[in-house]
Amino acid sequence: METIIPFYLSYVALWVLVVFQSLILFGLVRMVTELQQTRAVAGMSEGQEAPKFSATSLSGASINSSDFVGRLTALLFVSPNCSACEEALTSIGYLRHKTNQGNVIVICESVREECTRLVEKYKLNVPVIADADSRISRLHKISSVPTAIIIDQNNRIKSYGQIKQPEELTEVFPKKEEAHLRVAG
């Protein structure tokens, strides 16, 4: 009987240790997940002035960020090899509606040929910029795609967020902007 008690004590101690390690592991996984999410959306802050850039669209039009002042603008950063990006591209009409027919510009992180195929595949009727060297993406601190940035009429960041599903575009638009757009529309 005396040898059974130490056995049960060690058995209970072992389970306490397993539970304790599981809690630590769970906490670490949670911290890593939160850090990844924070890093993904920490690229630009609301209210921050939007970076200035100029580029030429695939159609040859000159695009200068200073031309955005006075109009709500949505920048959608995508890549041709990203399935979530392809789903987000189906929501271009939604972006145009939410910007009250303001600027919607797609920044395609690839070479011109691949971006052109993307335009043809989704019949995009908005300006598309091929950002093969990621110059514009780095300027906007894009860490992954698809990401949408909404720039207000004063060239300030209204919202910045990753999009995993097309429905998440609604989360990129702040409620204040929704109310403004309803009044303006």
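These are my notebook entries on a predicted model, taken one topic at a time.

**Entry 1: confidence**

I began with how far to trust the model. The mean pLDDT of the protein is 80, and 79% of its residues reach 70 or more. I then looked up where confidence is lowest and where it is highest. Helix α7 (residues 175-184) is lowest, at a mean of 37. Strand β5 is highest, at 96. I also marked residues 174-185, where pLDDT stays under 50. For that stretch the model has 15 contacts beyond four places in sequence.

**Entry 2: the sheet**

Next I traced the sheet. It is open and has 5 strands, in the order β5-β4-β3-β6-β7, with mixed pairing. Which strands stand at the edges? They are β5 and β7 (157-162). Each has a single partner strand, so one side of each is left without a neighbour in the sheet. From one strand to the next, the twist averages 15°.

I noted helix α4 here too. It packs on the sheet and touches β3, β4 and β5. The direction of α4 makes about 155° with that of β5.

I then checked the pairing at β7. Strand β6 (residues 147-151) pairs with β7 in the antiparallel sense, over 5 bridges. Ile-151 stands opposite Ile-157 in β7.

**Entry 3: strand β4**

I gave β4 its own page. I asked whether β4 is enclosed or open to the outside, and counted buried residues. In β4 (residues 103-108), 6 of the 6 residues are buried, so the strand is largely enclosed by the rest of the structure.

I looked at the side chains next. In a regular strand they alternate between the two faces of the sheet. In β4, Asn-103, Ile-105 and Ile-107 point one way. Val-104, Val-106 and Cys-108 point the other way. Both sets are buried.

Then I listed the partners of β4. Strand β3 (residues 73-78) runs parallel to β4, and 6 bridges join them. Strand β5 (residues 128-130) also pairs with β4 in the parallel sense, over 3 bridges. Val-106 turns up in both pairings: Leu-76 stands opposite Val-106, and Val-128 is its bridge partner in β5.

I followed the chain onward from β4. Together, β4, helix α4 (residues 112-122) and β5 make a right-handed β-α-β unit.

**Entry 4: the aromatic pair**

I searched for aromatic pairs, and the structure holds 1. It is formed by Phe-53 and Phe-68, edge-to-face, at 6.0 Å centre to centre and 65° between the planes. Which parts of the chain does the pair link? Phe-53 is in the loop between α1 (4-41) and β1 (54-56). Phe-68 is in the loop between β2 (62-64) and β3, and the two are 15 residues apart. I checked accessibility for each. Phe-53 is buried, at 5% relative accessible area. Phe-68 is also buried, at 4%.

**Entry 5: backbone exceptions**

Last, I looked for odd backbone geometry. Most residues other than glycine have a negative phi, and most peptide bonds are trans.

I found a cis peptide bond between Val-145 and Pro-146, with omega about 0°. Pro-146 sits in the loop between α5 (135-139) and β6.

Lys-141 lies in the loop between α5 and β6. Its phi is near 55°, a positive value. Lys-141 is partly exposed, with a relative accessible area of 48%.

Lys-123 has a positive phi too, near 50°. It lies in the loop between α4 and β5. Lys-123 is exposed, at 69% relative accessible area.

Note on methods:
Residues are numbered from 1 along each chain as its sequence is written. Side-chain values use heavy atoms; hydrogens and water are left out. Buried means under 20% relative accessible area, exposed over 50%, partly exposed in between (1.4 Å probe, protein chains only). Helices (H or I, at least four residues) and strands (E, at least two) are DSSP runs, numbered from the N terminus. Two strands pair if DSSP finds at least two bridges between them. A crossover is right-handed if, with the strands pointing away from the viewer, the path from the first strand over the helix to the second runs clockwise. Rings of Phe, Tyr and Trp (its six-membered ring) pair if their centres lie within 6.5 Å; planes under 30 degrees apart count as stacked, over 60 as edge-to-face and the rest as tilted. Axes are lines fitted to C-alpha atoms, for helices over the stretch in contact, and angles run from 0 to 180 degrees between N-to-C directions. Contact means heavy atoms within 4.5 Å. pLDDT is the predictor's confidence in each residue, from 0 to 100.
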